[in-house]
Structure formats: structure tokens, C-alpha cells
Amino acid sequence: MEEGIKSLPEAVRQTFLLKGTDPAKYSPLTLAFVGDCVYDLIVRTLVVERANASPNTLHKKKSEVVKAATQSACAKALQEELTEEEYAIYKRGRNAHPHTTAKNASLGDYHRATGLEALYGFLYLSDRMDRLFYLVKRSFELTKTVL
């Protein structure tokens, strides 16, 4: 990375000459689209760093954490941890009407997972990486999620 780049979102914007858009202006499903990827990358990093295993084993461990039911439990556990702004973003995502649903999840779990992903996407695009990592870690602590 070039000197002076402090975070991944900043690096992407700087490298590709993006002006950056206020994340609050994105639809909740757009935020969830980004948040899903960011959350997946965090979990994949944790899984790989904790065990050098076959891709199949890594995928199974990762899938247990990123599935809608686990994300829903994390979202419920984090309710008291969220600021008013974060809760509003979460609610926008939870109440959005996605055009797809999860294969192996209840509709409620899917909506709560989408809300959590929207929040994570918002924090990532807002370059609030410390808060993003705090909430992910705290959700694992509260739900006793083990990677």
C-alpha cells in the first residue's frame, strides 16, 4: 500500500480515484451487499489465521458463522450495543424487501441478518473500521460463536 493509506476503503478510493459517497445515501440493500462481503472477509480471515486446513474444512467453518441464523443471533445480541444511528441503519436493512431469501433460514432470521449486513456495510463505507471490528467481535462474545 502507498504511504499514508490507513484502511481498505480508503485504499480502494485512493487507488481507483473514487470521490466517495455518503453511505447514508445508499439503499439498505446496497449497504447489505457490501456488508455481506466485509463480514465474510473478516470471518474468512479469522478461520484461515486460526487453522491452516483444507479449503473444504475452512468453508464449512466459515459457513457456520456467516449463515443467516447465526447473523440473526448476533444482531439480536448486539441490540443494546448499538448507537441510535447504528440502530436506525440496522432497522432500514432489516425492514428492506429483498428480492431473494435464504435457502435454510426463516424469514425473520433473513431480515435480521440483512439488517446486520447493512450496518456492517455502512460502517465499512464510512471508514469506521474500529467500530465495525468491535461489533463483530462483541457479537461473537455475546453469542459464544467459536471459529
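Let me begin with Lys62, which touches Asp40, Val43, Arg44 and Val47, leaving out residues up to four places away in sequence. The model in front of you is a predicted one. Lys62 is found in helix α3. Is this lysine buried or exposed? Its relative accessible area is 8%, and the cut-off for buried is under 20%, so Lys62 counts as buried.

One of the residues touched by Lys62 is Val43, and Val43 leads us to the nonpolar core. The largest such core has 31 residues. Which of them have the most contacts inside it? They are Tyr39, Val43, Tyr120, Leu132 and Phe140. As for the helices involved, at least two residues of this core come from each of α2 (28-50), α3 (55-66), α4 (68-78), α5 (84-94), α6 (107-125) and α7 (129-143).

I take Leu132 as an example from that list. With neighbours within four places in sequence set aside, Leu132 is in contact with Val38, Ile42, Tyr120, Leu123 and Tyr124. Tyr120, one of these partners, is itself among the core residues with the most contacts.

I turn now to the packing of α2 against α6. The axes of these two helices are 6 Å apart, at an angle of about 80 degrees. The range from 65 to 115 degrees counts as roughly perpendicular, and α2 and α6 are therefore roughly perpendicular to each other. Which residues make the contact? From α2 they are Pro28, Leu29, Leu31, Ala32, Val34, Gly35, Asp36, Val38 and Tyr39. From α6 they are Thr114, Glu117, Ala118, Tyr120, Gly121, Phe122, Tyr124 and Leu125.

Thr114 deserves a closer look. This threonine is placed in helix α6, and with a relative accessible area of 5% it is buried. Apart from neighbours within four places in sequence, Thr114 is in contact with Leu29, Ala32 and Gly93. Leu29 and Ala32 also appear on the α2 side of the helix contact just described. In addition, Thr114 and Ser72 are 42 residues apart in sequence, while their C-alpha atoms are 8.5 Å apart in space.

Next, the cysteines. How many disulfides does the model contain? The count comes to zero. For Cys37, the nearest cysteine sulfur is that of Cys74, 18 Å away, and Cys37 is in no disulfide. Cys74 is likewise in no disulfide, its nearest cysteine sulfur being that of Cys37. A pair would have to lie within 2.5 Å to be counted. Cys74 has a relative accessibility of 0% and so counts as buried.

Let me move to helix α1, residues 8-15. At its start, a side-chain oxygen of Ser7 comes to within 3.3 Å of the backbone nitrogen of Glu10. After α1 comes Leu17, which is found in the loop between α1 and α2. Leu17 has a positive phi of about 55 degrees, although it is not a glycine. With 77% relative accessibility, Leu17 counts as exposed.

I close with Asp127, in the loop between α6 and α7. What is the sign of its phi? Asp127 has a positive phi of about 60 degrees, and it is not a glycine either. The relative accessible area of Asp127 is 31%, so this residue is partly exposed.

Key. Residues numbered from 1 in each chain as written. Predicted model: local features only at pLDDT ≥ 70, side-chain atom pairs only at ≥ 80, totals over all residues. Heavy atoms only, no water. Buried < 20%, exposed > 50% of the residue type's maximum accessible area, 1.4 Å probe, protein only. Core = buried A, V, L, I, M, F, W, Y, C linked by side-chain atoms within 4.5 Å. Helix = DSSP H or I, 4+ residues; strand = E, 2+ residues; numbered from the N terminus. Contact = heavy atoms within 4.5 Å. Polar contact = N/O pair within 3.5 Å; in protein donor to acceptor, adjacent residues only side chain to side chain. Axes fitted to C-alpha atoms, helices over the stretch in contact; angles between N-to-C directions. Parallel < 35°, antiparallel > 145°, perpendicular 65-115°, else oblique.
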